[in-house]
Amino acid sequence: MKLFCYGDSNTYGYDPRSFLGDRYSPEVRWTSLLQRETGWVVVNSGLNGREIPHTSWQMEQFDRLLALYPDFDLLAVMLGGNDLLQNGSFTAVDVAGRMEGFLRHLCKKLPSASLLLLAPPPMRRGAWVTEERLLRESALLGPAYAALASRLGVPFADSGQWNIELVFDGVHFSEKGHRAFAEGMRLHGLHAAAPF
């Protein structure tokens with residue numbers, strides 16, 4: 001089985017102790033841990049700072065990327081945090097609206113059963129998270145995504161239920177957080193996307 005993971009810095013494995021965008025070692029990243037624990041081939045297509053694709057150019061870029069991996073069994077999408085961080089007035093409803101456009105684009109190309117929408121864990125107060133808006137809206141993203149996934153018939157898992165430890169910035173996974181995320185994906189994420 002092959003799992004294609006499309007996400008932001010928490011999929012990439014960004015190490016927040018780094019000043020240059022370095023990443024945790026493969027032994028730490030949740031994608032590598034999940035591959036080891038399941039025997040699946042797990043493709044890590046995370047990118048620091050990535051928002052949900054929402055322009056025609058971004059959709060085309062995604063399509064070109066996906067064409068490099070034509071034989072995947074499941075596409076897991078975890079995005080939305082940067083949309084809140086980089087757009088000062090955005091709410092969870094705005095982010096879910098962007099995600100709906102992206103998922104509808106995907107559903108034109110792929111069976112909905114081959115998709116897995118993941119809600120990122122809510123942000124916590126930290127060096128990057130000082131606004132009440134970010135705390136409030138990131139906590140609302142899980143329910144907003146759950147409603148969206150139900151409406152579109154797309155499998156869904158909420159990593160906000162997996163007790164993911166975040167570091168001092170309030171956004172990025174700690175090493176322990178990566179282990180918890182891999183376990184959550186194994187027990188809940190892949191189960192939500194059954195029969196895979």
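This short presentation describes the nonpolar cores of one structure and the strands that run beside them. Please keep in mind that the model is predicted.

Let me begin with the interior. In soluble globular proteins, nonpolar side chains tend to be buried together. Here, the largest nonpolar core contains 36 residues. Those with the most contacts inside this core are L75, M99, F102, L106, L117 and Y145. Which elements supply two or more residues to the core? They are the strands β1 (2–7), β3 (74–78) and β4 (115–119), together with the helices α3 (56–67), α5 (92–107) and α6 (132–152). Of these, α6 gives the most, with eight residues.

M99 serves as an example. Leaving aside residues up to four places away in sequence, M99 touches I52, V77, L79, L117, Y145 and L148. Apart from this core lies another, of 22 residues, and among them are C5, A76, L116 and F181.

I now turn to the strands, beginning with β1. Is β1 largely enclosed or open? Six of its six residues are buried, so β1 is largely enclosed by the rest of the structure. In a regular strand the side chains alternate between the two faces of the sheet. In β1, K2, F4 and Y6 lie on one side and L3, C5 and G7 on the other, and all of them are buried.

What are the neighbours of β1? Six bridges join β1 to β2, residues 41–46, and the two strands run parallel. Within this pairing, F4 stands opposite V43. Five bridges join β1 to β3, again in parallel. There, L3 stands opposite L74, and C5 has A76 as its bridge partner.

The strand β3 deserves equal attention. Five of its five residues are buried, so β3 too is largely enclosed by the rest of the structure. Both of its faces are covered, with L74, A76 and M78 on one side and L75 and V77 on the other. Three bridges join β3 to β4, and these strands also run parallel. The bridge partner of L75 in β4 is L115.

Finally, let us consider one residue of a helix. H105 is found in α5. Is H105 buried or exposed? Its relative accessibility is 17%, and a residue is called buried under 20%, so H105 counts as buried. Not counting residues up to four places away in sequence, H105 touches M59 and D63.

To close, I would return to β1 and β3: each is covered on both faces, and five bridges join the two strands.

Definitions and conventions
Residues numbered from 1 in each chain as written. Predicted model: local features only at pLDDT ≥ 70, side-chain atom pairs only at ≥ 80, totals over all residues. Heavy atoms only, no water. Core = buried A, V, L, I, M, F, W, Y, C linked by side-chain atoms within 4.5 Å. Buried < 20%, exposed > 50% of the residue type's maximum accessible area, 1.4 Å probe, protein only. Helix = DSSP H or I, 4+ residues; strand = E, 2+ residues; numbered from the N terminus. Contact = heavy atoms within 4.5 Å. Pairing = 2+ DSSP bridges.
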